[in-house]
Amino acid sequence: MQMTVLAISVGLMALISFVFIAAIRSGGRAPVAKNIERRRSGLILAMLVAGIVITIASLRPWPQAVAMTADTPTVNVTGGQWYWEIDTTELPLGIPVVFNAHTVDVTHGFGVMDDTGKLLFQVQAMPGYVNQVQYAFDEPGNYNVVCLEYCGLAHHDMITEFTVTAN
Ligand code: CUA
């Protein structure tokens, strides 16, 4: 499936590129002073280089590596219309915890908020995949789980909670 989508995407990108190249070739050009043309080319090149550098720099941290050892606490999260099931509801403080998120029906968004409503992290939860996210809680207390992907009538009601305690 993914290869089919990739092939379709590449095919469509090639088609769009072809249309652009054909349009550029067929179009007449208004006379432009040499120095303006040089400046324009320089600007386009600078934007291209900046785009590549910014893209590479901003994508470097992803995909986020999940560093697991035998001692890493893991929590299995199952989403469904319209509930969250979490197999551990008392989590440790200050230790990276790995959440394995999946769903039994449609795509949901596993989001964890602190008790002030601040979103701490989230991961897409999908049927047929287990997506992992790692997080170390630095405050003990109650945390709320919400759904961040519209998934039907009671989407807003997909709420549960867990606690983080110092051992
Ligand atoms: Cu589950 Cu929205």
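This passage walks through the sheet, the nonpolar core, the aromatic pairs and two buried polar residues of a predicted model.

A good place to begin is the open sheet, in which four strands are arranged in the order S2-S1-S4-S7 with mixed pairing. Its edges are formed by S2 and strand S7 (131-136), each of which pairs on one side only. From one strand to the next, the twist averages 25°. S4 and S7 run antiparallel and are joined by six bridges. Within S7, Asn131 is the residue that stands opposite Ala101.

From the sheet, attention can turn to the largest nonpolar core, which contains 22 residues. The members that touch the most others are Val77, Trp84, Phe99, Phe110, Val112, Phe137 and Phe162. Many strands contribute here: at least two core residues come from each of S1 (74-80), S2 (83-86), S4 (96-103), S5 (108-113), S6 (119-125), S8 (141-147) and S9 (160-165). Phe162 gives a closer look at such a core member. Residues up to four places away in sequence aside, Phe162 touches Ile86, Thr89, Leu91, Phe99, Val112, Phe137, Gly141, Asn142, Tyr143 and Val145.

Aromatic side chains deserve a paragraph of their own, as the structure holds twelve aromatic pairs. One of them brings together Phe99 and Phe137, with ring centres 6.3 Å apart; their planes meet at 75°, so this pair is edge-to-face. The two partners come from distant parts of the chain, 38 residues apart, with Phe99 in strand S4 and Phe137 in the loop between S7 and S8. Phe99 is buried, at 0% relative accessibility, and Phe137 is buried too, with a relative accessible area of 1%. Another pair is made by Phe121 and Tyr135, whose ring centres lie 4.7 Å apart; here the planes are at 25°, so the pair counts as stacked. This pair also links distant parts of the chain, joining Phe121 in strand S6 to Tyr135 in strand S7, 14 residues apart. Phe121 is buried at 8% relative accessibility, whereas Tyr135, at 22%, counts as partly exposed. Both pairs can be found in one aromatic cluster, formed by Trp84, Phe99, Phe110, Phe121, Tyr135, Phe137, Tyr143 and Phe162.

Polar residues can be buried as well, and Asn131 in strand S7 is one to look at. With a relative accessible area of 18%, Asn131 falls under the 20% limit and is therefore buried. A polar atom of the Asn131 side chain lies 2.8 Å from the backbone oxygen of Gln124. Apart from neighbours within four places in sequence, Asn131 is in contact with Phe99, Asn100, Ala101, Val123, Gln124 and Met126. Among these, Ala101 is the residue already met opposite Asn131, and Phe99 is a member of the edge-to-face pair.

The second polar residue, Thr72, sits in the loop between helix H2 (34-59) and S1. Its relative accessibility is 13%, so Thr72 counts as buried. The side chain of Thr72 has a polar atom 2.8 Å from the backbone nitrogen of Thr69. Beyond its neighbours within four places in sequence, Thr72 is in contact with Ala67, Pro96, Val98 and Gln134.

Key
Residues are numbered from 1 along each chain as its sequence is written. This is a predicted model: local features need pLDDT of at least 70, side-chain atom pairs count only at pLDDT 80 or more; totals for chains, interfaces and linings use all residues. Side-chain values use heavy atoms; hydrogens and water are left out. A nonpolar core is a set of buried Ala, Val, Leu, Ile, Met, Phe, Trp, Tyr and Cys residues joined through side-chain atoms within 4.5 Å. Buried means under 20% relative accessible area, exposed over 50%, partly exposed in between (1.4 Å probe, protein chains only). Contact means heavy atoms within 4.5 Å. A polar contact is a pair of N or O atoms within 3.5 Å; within protein, one must be able to donate a hydrogen and the other to accept it, and residues adjacent in sequence count only if both atoms are side-chain atoms. Two strands pair if DSSP finds at least two bridges between them. Axes are lines fitted to C-alpha atoms, for helices over the stretch in contact, and angles run from 0 to 180 degrees between N-to-C directions. Rings of Phe, Tyr and Trp (its six-membered ring) pair if their centres lie within 6.5 Å; planes under 30 degrees apart count as stacked, over 60 as edge-to-face and the rest as tilted.
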